[in-house]
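Here are some exercises to work through with the structure open beside you. Try each task before reading its solution.

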Amino acid sequence: MISDNLLKIRERVALVCAKAKRDQDAISLVAVTKNRSPEEIREALAAGITDIGENRVQEALLKYNSLSPITQHLSPISWHMVGHLQTNKVKDAVRIFDLIQSLDSLHMASQIDKGAAKISKIQDVLIEVKTSEEATKFGVKPAEVIEVLKEIIKLTNIRVQGLMTIAPLTDNPEKARPYFKRLRELLCEINAQRITHAALRILSMGMTDDFEVAIEEGSTMVRLGRAIFEA
Ligand SMILES: *Cc1c(COP(=O)(O)O)cnc(C)c1O
């Protein structure tokens, strides 16, 4: 079932990319595995998934440890933190996550920087942007992103790779479009002002209900749970 779902998702991505004149290879797919069993995750990995997203460090750690033996037989897994991070979990988070997508404050950035320095790591992160009032509790307000970013780039063990957002849940994906557009414009503005060393490349936006609209608006990374694991 999971491999059938993935096949259908890839067809839908190909279709919307063709329509939007975008390269399908420019879109990465993160399987969000919160509340999914190790068996379900193994099935997704066997079907070609290479990127795993988790919301909670504790749950991610358990899966990270239980899945590591099979990673020897498959492509290496990239681990993404997509949920709100708590200060007391930073130490574990920097150890296991390749990309922390939910960086939502300068305070958290300095904690991650310290934790990463201790293990001599440069931690890749995305800034989570609160593009809508209703969708999320966490995230940096759009008007404050540039200001926050200017401080974060002074930290030596953290590297911002892009932006992430969660659109409000609606029955109509078109309603998500303005939030995705807002995030893309913000990325363009940051790159135009040359605030970071290298241009930011990742726009993590789009979930099961709205990933096609997100791709039309420039998403380079969609985060899918239900579309992969439910029929
Ligand atoms: C759960 C979750 C997803 C996946 O949601 P679906 O609607 O099941 O695709 C994506 N991003 C974040 C931050 C999530 O918490």
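## Exercise 1: One face of a helix

The buried residues of α7 are Tyr179, Phe180, Leu183, Leu186, Leu187 and Ile190. Keep in mind that the model is a predicted one.

**Task.** Find out where the buried residues of α7 fall when you look down its axis.

**Solution.**
1. Start with the general rule: an α-helix has 3.6 residues a turn, so residues three or four places apart point the same way.
2. Now list the residues to place: Tyr179, Phe180, Leu183, Leu186, Leu187 and Ile190 are the buried ones of α7.
3. Viewed down the axis of α7, these buried residues lie within an arc of 120 degrees, so they line one face of the helix.
4. To see what covers them, look at α6 (145–152), β6 (158–164), β7 and α8 (211–216), which are included in the cover.

## Exercise 2: Checking the length

**Task.** Work out what span the 16 residues of α7 should have at 1.5 Å a residue, and check it against the end C-alpha atoms.

**Solution.**
1. The expected span is 1.5 Å times one less than the number of residues.
2. For the 16 residues of α7 this gives 22 Å.
3. The end C-alpha atoms of α7 are 22 Å apart, so the two values agree.

## Exercise 3: Positive phi without glycine

**Task.** Just after α7, which residue takes a positive phi? Look as well at Asn35, and decide whether each of the two residues is buried or exposed.

**Solution.**
1. The residue just after α7 is Arg194, with a positive phi of about 50 degrees, although Arg194 is not a glycine.
2. Arg194 sits in the loop between α7 (177–192) and β7 (202–204).
3. Exposed means over 50% relative accessible area; Arg194, at 72%, therefore counts as exposed.
4. Asn35, also not a glycine, has a positive phi of about 65 degrees.
5. Its place is the loop between β1 (28–32) and α2 (38–46).
6. With a relative accessible area of 66%, Asn35 is exposed.

## Exercise 4: Around the ligand

**Task.** Trace the polar contacts that Asn55, Arg223 and Gly225 make with the ligand, then ask how much of the ligand the protein buries.

**Solution.**
1. Residues surrounding the ligand include Val32, Lys34, Asn55, Met207, Arg223 and Gly225.
2. An N or O atom in the side chain of Asn55 is 3.1 Å from a ligand oxygen atom.
3. Arg223 places a polar side-chain atom 2.9 Å from a nitrogen atom of the ligand.
4. Gly225 uses its backbone: a polar atom there is 2.8 Å from an oxygen atom of the ligand.
5. Taken alone, the ligand exposes 390 Å², and the protein buries 90% of that.

Terms used:
Residues numbered from 1 in each chain as written. Predicted model: local features only at pLDDT ≥ 70, side-chain atom pairs only at ≥ 80, totals over all residues. Heavy atoms only, no water. Helix = DSSP H or I, 4+ residues; strand = E, 2+ residues; numbered from the N terminus. Buried < 20%, exposed > 50% of the residue type's maximum accessible area, 1.4 Å probe, protein only. Arc of directions from axis to C-beta. Contact = heavy atoms within 4.5 Å. Near = heavy atom within 4 Å. Polar contact = N/O pair within 3.5 Å; in protein donor to acceptor, adjacent residues only side chain to side chain. Areas by Shrake-Rupley, 256 points an atom, 1.4 Å probe, with all protein chains shown as cover.
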